[in-house]
Amino acid sequence: MRKVPALSPRRGEDRRSWLSGAPPPRWVRVLPPALVVAICAATVLSSRPQDVGFLLGAVPPLAVLSYGPLATAVLGGAVVALLHVPALHLGHPGNADLVTVSFVAALSVLLSFVRSRRDVQLGRERTVAEAAQRAVVPPLPERVGAVRCTGLYRAAQRGTLVGGDFFDVRDGPFGVRAVMGDVQGHGLAAVSTVASLLGAYREAVLDQPDLASVARRLDRRLLVDSADARHAELFATAALLEFSADALEVRVVVCGNPPPLLLRGAHATELEVTPWTPLGLGLADSGAIEAGAVSLRSGDRLFLASDGVVEARDGSGAFYPLAERLAALAGEDSAALPGLVWADLVRFCPDVQDDVTMLVLTPSPPPVR
């Protein structure tokens with residue numbers, strides 16, 4: 001089964017700035033040699049000697065930002081050599097500049113060596129962290145049973161792949177089931193709760209005969225985790241869906257999460273389902289839960305979004321009009337829809353502070369032979 005990325009439509013994008021560990025931009029690498037060329041050109045083109053040799057002392061420290069120790073040593077040696085070229089007059093006024101630049105160059109080589117070693121270690125740790133986070137929220141299959149899937153996940157905390165949101169689509173003995181949720185808090189502090197809930201959900205998909213029982217299992221999982229942690233009050237919002245074998249009917253349980261949107265033709269409307277309390281508040285002991293059933297037609301799509309989408313606000317304080325924007329994008333392909341909504345959301349609210357998760361489920365039963 002072919003996999004598609006669940007974390008972002010732009011796979012491999014590095015959201016870190018170069019000051020936070022990302023590779024430096026090209027202009028940072030060009031700056032040291034460009035500075036050397038500029039100083040030499042200014043000296044050669046001037047009709048009288050220019051006292052600018054001290055500026056060469058800035059070249060080795062700038063090289064530390066983007067070059068390794070060998071390249072930094074080469075640049076430092078070139079700078080010291082230029083101070084000995086009589087035609088450039090860069091060694092004026094005397095030995096003080098030469099000694100200072102030589103010391104700075106040697107120190108820069110040492111700093112470059114330390115930085116390079118730390119970069120290697122941080123890169124190794126980041127690779128391990130990404131593998132662990134992807135194990136929590138693995139790539140979403142392109143198709144699960146009779147349902148085609150497309151997802152987008154944007155963690156609010158920079159440098160992380162997983163935050164407080166979660167989703168999953170699984171096929172089991174009782175049909176294709178999907179979940180989207182948002183745990184209390186966001187960032188790495190919520191990842192353990194997300195992992196616990198997803199583990200409980202994947203077991204419940206195989207064991208529980210109805211969708212309400214799956215919701216109770218997740219609720220119990222949070223209650224147990226809260227009991228083991230002092231002063232912990234864990235809760236999560238979630239929307240659970242269960243498709244019939246022919247994918248022409250879907251049953252829905254909404255526990256504090258925004259209801260799924262039904263895209264039918266050029267219209268986007270919320271599914272009318274009875275809302276229940278968030279998970280982790282004793283839902284398992286609060287009585288019967290009923291799943292709402294909705295009939296589907298060929299070409300219908302279900303769009304699920306987290307609070308980070310529907311609660312995003314523009315500069316005037318207005319909420320993002322998800323249903324209205326989805327109706328305008330109804331003609332787009334399902335695979336491109338989450339990315340288009342994300343781009344529109346960023347234009348509407350450039351400073352998105354919460355985790356953003358979207359899931360598009362398209363009933364698509366295989367043709368009958």
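**Helix α9, its sheet, and two buried alanines**

Author: Ala-204 touches Arg-177, Val-214 and Arg-217 when residues up to four places away in sequence are not counted, contact meaning heavy atoms within 4.5 Å. This is a predicted model, in which local features need pLDDT of at least 70 and side-chain atom pairs count only at pLDDT 80 or more, while totals for chains, interfaces and linings use all residues. Residues are numbered from 1 along each chain as its sequence is written, and side-chain values use heavy atoms, with hydrogens and water left out.

Reader: Why does Ala-204 count as buried?

Author: Buried means under 20% relative accessible area, with exposed being over 50% and partly exposed in between, for a 1.4 Å probe and protein chains only; Ala-204 has 0% relative accessibility and therefore counts as buried. Ala-204 is found in helix α5 (residues 191-207), helices being DSSP runs of H or I with at least four residues and strands runs of E with at least two, numbered from the N terminus.

Reader: What is notable about the phi of Ala-247?

Author: Ala-247 has a positive phi of about 60° although it is not a glycine. Most residues other than glycine have a negative phi. Ala-247 lies in the loop between β7 (236-243) and β8 (249-255), and its relative accessibility of 1% makes it count as buried.

Reader: How do you know that the span of α9 is close to the expected one?

Author: The expected span is 1.5 Å times one less than the number of residues; α9 (residues 337-348), with 12 residues, reaches 16 Å from its first C-alpha to its last, close to the 16 Å expected. Buried in α9 are Leu-337, Pro-338, Val-341, Trp-342, Asp-344, Leu-345 and Phe-348.

Reader: What puts these buried residues on the same side of α9?

Author: They cover an arc of only 170° around the axis, taken from the directions from the helix axis to the C-beta atoms, which is why they lie on the same side of α9.

Reader: What makes β3 and β10 the edges of the sheet?

Author: Two strands pair if DSSP finds at least two bridges between them, and six strands form an open, antiparallel sheet in the order β3-β4-β14-β13-β9-β10. Here β3 (143-144) and β10 (267-270) each have a single partner strand, so one side of each is left without a neighbour in the sheet. Helix α9 packs on this sheet, touching β4, β9, β13 and β14, and its direction makes about 150° with that of β14, where axes are lines fitted to C-alpha atoms, for helices over the stretch in contact, and angles run from 0 to 180 degrees between N-to-C directions.
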